[in-house]
Amino acid sequence: MIRRLALTAGFAILGTVAFAPNAHAQAAPDQETVEFTGTVESSCSFNPGGEESIPGELTLDDDGTMLTSEGSPGATTVICFGGGGTISVAEPMKGDMSPDGDFDAVAIVSDGLAETTSEDEIPFEIPGDVEVPLLVDMEVTSDNPLPAGEYSYDVMVSATPN
């Protein structure tokens, strides 16, 4: 009987080992990291909200030797992304229909805190990532009274990112 009991116990142990669920560790999936890079360049943009620049208006002074935008400046808005920028202005360009003559034209751009002119050509700094309103003025002067006619000028304002 002991023999039979030993034989039965042996079969029971053998059966347990033979039919026990296999405890296999699952293999980890292969993994790869994919990197992404990109560069955001500093940039400036005029009229970022889609609004248009406001043209200025020139009026003649009392002695007839100067046209000025005093009281009716032009206006635009600029924003420089990524660290601010500098504002400069070029000499006004006379339109094709303007009367001929020896006139001096000067453009002035201001943000309310600083200004630059087409004569001094020293740009001023503006902060980054905020819309900055700019006023654009100009003057046309002559030693003699200005001849009658329709005067038109284009003023090129530049924003350069830092």
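## Loops and a negative patch

Asp 129 sits in the loop between β9 and β10 (132–141); strands here are DSSP E runs of at least two residues, numbered from the N terminus. Asp 129 also has a positive phi of about 65 degrees, although it is not a glycine. Most residues other than glycine have a negative phi.

A quick word on the model: it is predicted, so local features need pLDDT of at least 70 and side-chain atom pairs count only at pLDDT 80 or more, while totals for chains, interfaces and linings use all residues. Residues are numbered from 1 along each chain as its sequence is written, and side-chain values use heavy atoms, with hydrogens and water left out.

Glu 121 has a positive phi too, near 55 degrees. Here are three loop residues side by side.

| Residue | Loop between | Relative accessible area |
|---|---|---|
| Glu 70 | β3 (66–68) and β4 (74–81) | 67%, exposed |
| Glu 121 | β8 (115–117) and β9 (124–126) | 61%, exposed |
| Thr 65 | β2 (59–60) and β3 | 17%, buried |

Buried means under 20% relative accessible area, exposed over 50%, and partly exposed in between (1.4 Å probe, protein chains only).

Glu 70 and Glu 121 both belong to a negative surface patch, whose members also include Asp 102, Asp 104 and Glu 115. Patch residues have over 30% relative accessible area and no salt bridge (a Lys or Arg side-chain nitrogen within 4 Å of an Asp or Glu carboxyl oxygen), and like charges are joined within 9 Å.

As for Thr 65, its side chain makes a polar contact of 2.8 Å with that of Asp 63; such a contact is a pair of N or O atoms within 3.5 Å, one able to donate a hydrogen and the other to accept it.

Note on methods
Patches are made of residues with over 30% relative accessible area and no salt bridge: like charges are joined within 9 Å, nonpolar side chains (Val, Leu, Ile, Met, Phe, Trp, Tyr) within 5 Å. Accessible areas come from the Shrake-Rupley method with a 1.4 Å probe; for residues, only the protein chains shown count as cover. Lys and Arg count as positive and Asp and Glu as negative; His and the chain ends are not counted. The place of a charge is taken as NZ of Lys, CZ of Arg, CG of Asp or CD of Glu. Helices (H or I, at least four residues) and strands (E, at least two) are DSSP runs, numbered from the N terminus.
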